[in-house]
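Student: I have just opened this structure and would like to get to know it. Could we walk through it together?

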Amino acid sequence: MFSTVKSSVTDNWQHRITSSSLLIMTTVLLILLLACCAGSLSAQSRIYISVKAGSSAVLPCDWRNKTQSPGEKPHIEWRTPSETVFERQGGDQYEGEGYEHRVDVPEDKLLGGDCSLVLKDVRLNDSGPYESYLLERRRRRSLHSKRVFIQAVELSVEGNAEVIHSPLLIIMFILLPSIFFGG
């Protein structure tokens, strides 16, 4: 009789372990599945742009599917993780440090919904992530704007290979073959 009770207790204990293990594994699997789906959704919303240093880049953006109060001029902001690159609301604009005279979101295009950032004379240090936001003024008791995410863009800047025009190098390329090959 004791062996039957012991066997019953052991079976019950193993059943509990199996049930809790199954619950944990199911939970972990669900979390991993959600993380993968969320990662793929955010990856789909990021646009990758590659340009050569010294050229111009257009970082695409369209605010038409975002909320905006009727009759209000859109207030757009472009940012990197560390700073504001450009802001425009109507005729007022702000150009971030290091971006002066190189960035613009043309006002006429912005009014039509195109908030693409035009970046001129692209530099190697311009590489990195950029995000655009629509800033909506909150109506009640708040001095701050609500920031509505629009677009993420990853900018890659390729350096120009510089040709070295050193007289010493030219002489070496002329003389070395004749020294080694006796020509």
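Student: Let's start with one cysteine: is C61 buried or exposed?

Tutor: Happy to help, and keep in mind that this is a predicted model. The relative accessible area of C61 is 6%. Buried means under 20%, so C61 counts as buried.

Student: Which residue forms a disulfide with C61?

Tutor: A disulfide is a covalent bond between the sulfur atoms of two cysteines. The structure holds one disulfide. In it, the sulfur atom of C61 lies 2.0 Å from that of its partner, C115.

Student: How many residues apart are C61 and C115?

Tutor: C61 is in the loop between strand 2 and strand 3. C115 is in the loop between helix 2 (107-111) and strand 7. The disulfide therefore links distant parts of the chain, and the separation is 54 residues.

Student: Is the link of C61 and C115 left-handed or right-handed?

Tutor: Look at the angle about the S-S bond, which is -70°. With that value, the link of C61 and C115 is left-handed.

Student: Now the aromatic rings: which residues form the aromatic pair, and how is the pair described?

Tutor: A pair of aromatic rings is described by the distance of the centres and the angle of the planes. The structure holds one such pair, made by Y133 and F149, with 5.9 Å centre to centre and 70° between the planes. Planes over 60 degrees apart count as edge-to-face, so the pair of Y133 and F149 is edge-to-face.

Student: Which of these two counts as partly exposed?

Tutor: Y133 is in strand 8 and F149 in strand 9, 16 residues apart. At 13% relative accessibility, Y133 counts as buried. At 32%, the partly exposed one is F149.

Student: What charged end sits over the ring of Y133?

Tutor: Look 5.1 Å from the centre of the Y133 ring. The charged end sitting there belongs to R147.

Student: Which strand gives the most to the largest nonpolar core?

Tutor: In soluble globular proteins, nonpolar side chains tend to be buried together. Here the largest nonpolar core has 26 residues, and W78 and L155 touch the most other members. Several strands each supply at least two residues of this core, among them strand 1 (46-52), strand 4 (84-89) and strand 8 (128-137). With five residues, the strand that gives the most is strand 9.

Student: And which residues does L155 touch?

Tutor: Leave aside residues up to four places away in sequence. L155 then touches I49, V51, A57, L119, V122, D126, S127, G128 and Y130.

Technical notes: Residues numbered from 1 in each chain as written. Predicted model: local features only at pLDDT ≥ 70, side-chain atom pairs only at ≥ 80, totals over all residues. Heavy atoms only, no water. Core = buried A, V, L, I, M, F, W, Y, C linked by side-chain atoms within 4.5 Å. Buried < 20%, exposed > 50% of the residue type's maximum accessible area, 1.4 Å probe, protein only. Helix = DSSP H or I, 4+ residues; strand = E, 2+ residues; numbered from the N terminus. Contact = heavy atoms within 4.5 Å. Phe/Tyr/Trp six-rings, centres within 6.5 Å; stacked < 30°, edge-to-face > 60°. Lys NZ or Arg CZ within 6 Å of the ring centre and 35° of its normal. Disulfide = S-S within 2.5 Å.
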